[in-house]
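Here's a quick briefing to read with the model open beside you. Have a look at the chains first, then come back for the notes.

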Amino acid sequence: MSSLQSLDLRRRSATTTPPPGQREAVEVAKLIDVSRCIGCKACQAACLEWNDLREEVGINVGVYDNPHDLTENTWTLMRFTEIDVDGRFEWLIRKDGCMHCDDPGCLKACPAPGAIVQYKNGIVDFISENCIGCGYCVKGCPFNIPRISKKDSKAYKCTLCSDRVAVGQAPACAKVCPTQAISFGTKKDMIAWADKRIADLKERGYKSAGLYDPPGVGGTHVMYVLKHVDRPEIYAGLPKDPKISPLVDLWKGITKPLALAGVGLAALVGFFHYVTHGPNEVQEEDEEAAAKTRRNSAE
Amino acid sequence: MADKTTIFDRYTSGARLNHWINAILMICLALSGMALFHPSLFFLTGLFGGGPTARIVHPWIGVLAMCSFLGLFIRFWRYNLWGKDDSAWMRNIKHVVNNDESKVPEAGKYNAGQKLVFWLMSILTVLLLTSGLAMWDSQFGEYTSIEQKRLAVVVHAASAVLLIIVVITHIYAAIWIRGTIRGMTRGSVTGGWAWRHHRKWLREEVGKTK
Amino acid sequence: MTNLWADIKNTDLVVIMGGNAAEAHPCGFKWVTEAKHYRKAKLIVVDPRFTRSAAMSDLFIQIRPGTDIAFLGGVIKYLLDNDKIQKEYVGNYTNAAYIIRGDFKFEDGLFSGYDEAKRDYNRASWEYELSEDGFVKSDPSLQDPRCVYQLMKTHYSRYTPEMVERITGAPKDKFLEACKLIAETSAVDKVMTSMYALGWTQHSKGSQNIRTMAMIQLLLGNIGVAGGGMNALRGHSNIQGLTDIGLMSNLIPGYLTLANDREPDYATYMKTRGFKPLRPGQTSYWQNYDKFFVSFAKAMWGDAATKDNDWAYDWLPKIDVVYDVLRAFELMHQGKMTGYFCQGFNPLMSFPNRRKLQAALEKLKFLVVMDPLATETSEFWQDHGEHNPADPAKIQTEVFRLPTTVFAEENGSLINSGRWLQWHFKGAEPPGEALPDIDIMARLYAKLRELYQKDGGALPDPLLKLTWDYENPLAPQPEELARELNGKALVDVPDPRDPARMILRKGQQLSGFGEYRNDGMTMGGCWLYAGSWTEAGNQMARRDNTDPGGLGLTPRWAWSWPANRRIMYNRASCDLNGKPYNPAKKQIWWDGEKWTGYDVPDFVITSKPEAGVGPFIMNPEGSARLFTRGMLRDGPFPEHYEPFEAPVPNPLHPKVNANPVARVFKNDLEQFGKASDFPYVATTYRLTEHFHFWSKHTRINAALQPQEFIELGEELAKEKGIASGDLIEVRSNRGRVKAVAVVTKRIKALKIDGKTVHTVGIPLHWGFTGETKKGFGCNQLTPYVGDANIETPEYKAFLVDVKKLGTTAA
């Protein structure tokens with residue numbers, strides 16, 4: 001969303017040369033402790049407030065989730081699931097939004113140089129003025145997060161409040177969370193805090209409590225403390241082992257240089273053939289033979 | 001010598017226009033497509049007014065190109081039906097590459113290589129069309145799942161690259177086989193050209209004028 | 001709250017019942033999550049629905065709406081049967097040992113003294129047995145069959161776990177699990193907190209719901225203790241201030257009561273108020289009532305209030321009946337009240353039986369609405385189709401809408417549930433013609449005074465002689481009013497022991513209510529607020545969060561009534577010798593010479609422990625009341641009565657089904673529906689996304705919960721063929737609501753007395769103004785019946801029927 005902050009880049013979409021890399025930065029993370037989240041949607045409201053977004057007033061379709069999905073305005077959304085887990089009824093409430101993967105699929109898929117960047121602190125940000133609106137980020141994302149605006153055809157998603165973080169503030173959602181279910185700090189500190197929370201949950205009988213920091217995408221800079229980390233999919237479809245799709249890997253990985261090489265090779269083969277064999281030119285006897293054929297036929 | 005040269009009509013003006021419209025559209029598609037395919041070619045979007053416009057026009061050019069290709073297909077498909085001779089021609093293609101066509105069966109309007117180009121183009125075009133529609137989010141975004149779109153982009157990219165290689169072959173062949181290009185520019189070829197490369201076709205043409 | 005928000009972090013067990021703190025008080029609920037994490041506290045939620053609070057709980061128990069007393073009565077029985085009470089506390093600090101009069105009885109659902117015609121009790125028998133010296137008789141061994149302890153034991157002997165399950169639907173094993181957790185906090189180093197809100201008050205026995213838990217907390221020794229207490233979570237910003245300042249039809253500031261028409265003079269009025277101690281040596285702080293009253297009168301009328309005119313006693317209204325809002329609308333409906341000022345609330349949406357409210361407003365000559373928003377009340381005359389059918393041509397009520405500022409557009413104090421007066425500063429200019437409420441009222445007053453001066457009137461003095469010495473009489477400043485509420489010396493006040501020495505100079509701000517006087521030398525608008533604006537300045541604006549003792553008391557942050565005391569009755573946190581029961585959580589203690597500690601002692605600080613003064617100094621007996629004497633109209637012990645609309649007869653006493661003294665107007669008796677016509681129990685509530693009928697006016701909140709919906713359990717939905725998202729109609733005997741169905745696993749069907757009972761949940765936020773989709777409002781459905789003591793309408797338990805209207809809810 002934002003223009004470049006005072007944050008250094010680690011990666012830049014569709015850019016083959018590395019960004020300046022001398023300065024060090026501490027990796028940050030947002031920890032969402034689902035066991036402390038009451039689903040009040042203050043984070044959702046704060047996100048709209050801080051980012052000057054306004055969501056349409058929709059309708060109720062029979063659930064608490066409103067709007068019903070992430071949109072170009074709603075970058076974070078509370079998702080509610082009613083479920084019996086091990087004989088105990090639970091109302092699972094998960095704050096959905098960009099996970100800020102360490103290996104971001106959106107960035108990998110993006111064809112527009114600098115439309116998606118990853119700062120050194122780990123935040124993945126969309127630089128909207130560079131966005132061409134192709135929607136490749138949607139295809140690259142293992143969590144189904146980016147949304148393309150109908151108004152300006154740009155892609156939007158949570159920025160982890162990179163503008164706030166750049167000036168030493170926590171993201172707006174973390175700031176307003178009344179129960180401190182959302183915390184923000186260095187990734188190391190967040191993992192340490194998560195460990196304490198997990199210990200508390202285990203004491204309360206949630207044996208499979210754990211941290212959701214999926215290695216398939218290199219870990220994320222938004223992590224969850226889940227009571228049932230062995231079954232993340234019960235939390236409104238949080239993927240169990242998210243990875244960048246092999247199709248995206250194929251398309252954005254080896255295919256690209258191979259394809260260019262193939263095209264170049266085709267041209268070269270032609271050229272070398274020409275150099276070695278020369279043109280295939282029509283000879284005088286060909287013309288004569290043709291003329292003769294016509295004459296014969298005319299007779 | 002000029003008096004010895006006979007001239008045969010090969011393409012009508014309609015067919016030539018159709019071909020060149022298609023060629024221009026294909027080049028535009030290739031340029032805009034490659035621009036979005038590889039970062040080092042992103043600069044090509046400048047030809048189309050920048051990234052967003054390149055993204056917007058590419059599929060529309062694609063739609064036009066499909067229409068024009070359909071015209072070509074209708075015009076030429078029956079000349080590209082595969083025959084026994086084509087297989088024999090294919091088996092002996094190395095002689096053709098070595099500029100020696102005497103060792104392959106006489107070719108009709110199109111030789112087996114050209115037919116192969118035709119069918120490859122047709123198949124790849126269909127693949128490009130379907131995969132292109134599946135990933136055309138601004139128009140048909142809701143009709144496909146993300147997984148389908150992912151498959152579509154891979155198919156689209158692979159088909160496009162293959163098509164480009166086919167097109168390069170097509171262009172090179174036209175350059176290499178001298179006298180070919182005038183067929184698509186002026187609509188006619190010399191009898192010698194026909195004798196040398198499409199003798200069977202020459203005989204048919206001569207037969208017609210009897 | 002007896003305690004404060006931050007103190008919830010000190011608890012070992014949170015019981016949320018009669019409220020939904022996570023939903024309605026998310027910021028305060030933070031302290032629950034703190035207690036859970038840092039103290040390993042457990043959370044029990046008892047509610048008719050699996051709420052957002054329940055989602056955070058260790059134990060959730062679903063009960064039928066309106067059966068809280070049955071559940072809690074069962075807990076009392078469990079505690080007494082298993083001797084899980086804090087015995088020393090109960091024996092010394094409550095009235096458990098006191099002997100009750102021999103003619104007090106409870107039979108077949110009625111206490112002694114019931115008068116069916118009046119729907120009221122003669123409460124004379126609900127009283128202590130006094131000895132000749134005027135003090136209460138007591139049996140410290142708790143063996144006397146007439147002592148409170150024994151009577152209580154007998155009273156709750158009927159509340160067996162089986163009976164609890166039969167009435168509430170709570171499975172016996174789960175109920176006992178809750179009892180066990182609760183009972184653990186009878187240990188001196190364990191404490192439980194009770195968090196409740198309108199889920200307890202909005203019943204025909206609301207006060208008794210709360211009292212039952214208060215009794216449990218007393219039995220466990222959890223009152224006056226950090227991490228304990230009875231914590232009422234107030235539903236509006238500053239609603240605590242509203243009650244403190246006496247914005248009730250029967251109160252004057254500081255919980256002083258308005259005189260009634262049987263009290264023609266000041267002496268009679270005072271006779272029933274300045275309570276004499278009922279046990280030897282007790283403080284009985286209300287003995288100071290006259291000081292508070294006289295200082296209030298001096299604040300009102302200054303020099304015009306003198307000893308000779310009984311401190312202007314005659315100028316205060318004398319009430320014949322309580323003119324609460326239900327009665328106000330009843331009078332409007334009867335055509336007896338023809339003008340109405342509606343300031344800062346939205347009665348058309350807030351009070352029960354919408355149809356009656358609308359008819360009442362239509363009969364008014366004029367209606368003045370002072371509000372920052374275009375409320376439904378101010379537009380009651382507009383036709384909004386099925387959401388508010390009206391024929392403006394036929395409505396003659398003249399409506400004046402006076403736009404007011406919101407809190408952020410003015411300086412002032414807000415008082416939170418924890419009794420903190422926190423000063424806030426203006427953050428923005430008000431829009432358009434909006435004015436502070438104070439300015440509007442000042443202008444009205446100026447106009448009225450002018451009219452009285454010109455034309456005279458029946459009783460002009462109270463108005464004409466009102467003290468109005470503000471710098472700008474048309475715009476008194478919040479600072480001026482705050483200083484007036486605190487009180488000041490009107491003259492130099494001499495030291496009674498040495499008249500030559502002045503303890504207060506004329507004009508000096510008082511430092512506490514201890515300086516209030518009954519001789520007219522001091523004035524103060526609200527004795528409870530004395531100390532909030534002293535000579536040292538505005539104490540409410542303090543922002544020093546130092547926390548000596550580490551309990552989160554932060555005594556230098558803002559200011560807390562009374563006397564900046566953070567935890568009330570904190571003397572009860574110490575044993576008889578003045579030593580903290582739990583040394584790990586010291587609040588105050590006797591240091592050998594005086595009471596001292598991290599909090600302001602709720603005690604005379606020089607009163608030696610051996611003097612035996614009880615910690616509940618406001619009560620004449622010095623102890624807390626398990627037996628509440630005649631203080632509540634519906635009984636000295638809480639008893640389970642069914643809601644006025646209930647799906648089953650009261651299993652305890654079918655003949656006395658509902659609260660026999662609850663407030664019902666004659667004409668409203670036929671409004672009640674029968675279980676045969678309306679088989680489902682309904683309850684109403686707030687959602688976290690909205691604040692009452694305000695936040696639907698803002699786009700963001702509107703988008704978060706855009707449309708009226710009704711929650712149904714899966715079993716009921718299946719029975720009725722209803723799917724989530726369907727359009728349904730819910731009807732009561734009073735009206736109907738059309739809304740989207742939210743089918744949920746969070747409401748289960750209950751087995752009540754052998755019968756399957758379904759609960760329907762109705763959130764309340766949608767009306768016909770604002771940004772959301774238009775809605776009906778739950779008060780189309782709710783019955784016009786009020787609590788026996790505080791007249792709060794029964795919004796939490798009534799009967800409805802449900803019908804599917806269509807498959808899509810567009």
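What follows is a run through interfaces, domains, helices and a sheet. Keep in mind that this is a predicted model. Chain A touches both of the other chains discussed here: 46 of its residues are in contact with chain B, and 32 are in contact with chain C. Chain C, for its part, is divided into two domains, 5–232 and 663–806.

**Chain A against chain B**

- On the chain B side, 46 residues are in contact with the 46 from chain A.
- Four helices of chain A each put at least two residues into the side facing chain B: α3 (136–140), α7 (246–252), α8 and α9 (284–298).
- The top contributor on that side of chain A is α8(A), which gives eleven residues.
- Sorted by class, the side of chain A that touches chain B holds 23 nonpolar, 15 polar and eight charged residues.

**A look at α8(A)**

- Helix α8 of chain A covers residues 255–277, so to speak a run of 23 residues.
- From the first C-alpha of α8(A) to its last is 32 Å, close to the 33 Å expected at 1.5 Å a residue.
- Just past the end of α8(A) sits Gly278(A), with a positive phi of about 75 degrees.

**Chain A against chain C**

- Here 32 residues of chain A meet 38 residues of chain C.
- The chain A elements that supply two or more residues to this side are α1 (42–50), β4 (88–97) and α6 (187–203).
- α1(A) gives the most, with five residues on the side that touches chain C.
- The class split for the side of chain A that touches chain C is 14 nonpolar, eight polar and ten charged.

**A small sheet in chain A**

- Three strands of chain A make an open sheet, ordered β1-β5-β6, with antiparallel pairing.
- β1 (9–12) and β6 (124–126) of chain A are the edge strands, each pairing on one side only.
- From one strand to the next, the twist averages 25 degrees.
- β1(A) and β5(A) (residues 116–119) run antiparallel and are joined by three bridges.
- Within that pairing, Arg12(A) stands opposite Val117(A) of β5(A).

**The two domains of chain C**

- Domain 1 of chain C spans 5–232 and domain 2 spans 663–806.
- Taken over C-alpha atoms, the centres of the two domains of chain C are 28 Å apart.
- Contact between them involves 22 residues of domain 1 of chain C and 27 residues of domain 2 of chain C.
- On the domain 1 side, the elements giving two or more residues are α1 (21–24), α9 (198–201) and α10 (206–219) of chain C.
- That side of domain 1 of chain C has five nonpolar, eleven polar and six charged residues.

**A helix pair in chain C**

- Helices α7 (residues 161–168) and α8 (residues 172–184) of chain C pack at an angle of about 115 degrees, with axes 9 Å apart.
- The crossing of α7(C) past α8(C) is right-handed.
- α7(C) makes the contact through Pro161(C), Glu162(C), Val164(C) and Glu165(C), while α8(C) brings Lys172(C), Phe175(C) and Leu176(C).
- By class, the contact of α7(C) with α8(C) comes to four nonpolar, no polar and three charged residues.

Definitions and conventions. Residues are numbered from 1 along each chain as its sequence is written. Chains are lettered from A and ligands numbered from 1 in the order in which they are written. This is a predicted model: local features need pLDDT of at least 70, side-chain atom pairs count only at pLDDT 80 or more; totals for chains, interfaces and linings use all residues. Domain bounds come from an automatic or database domain assignment. Two residues are in contact if their C-beta atoms, placed from the backbone, lie within 7 Å. Ala, Val, Leu, Ile, Met, Phe, Trp, Tyr, Cys and Pro count as nonpolar, Asp, Glu, Lys and Arg as charged, and the others, Gly among them, as polar. The expected span of a helix is 1.5 Å times one less than its number of residues. Two strands pair if DSSP finds at least two bridges between them. Axes are lines fitted to C-alpha atoms, for helices over the stretch in contact, and angles run from 0 to 180 degrees between N-to-C directions. A crossing is left-handed if the near helix is turned anticlockwise from the far one by less than a right angle, and right-handed if clockwise.
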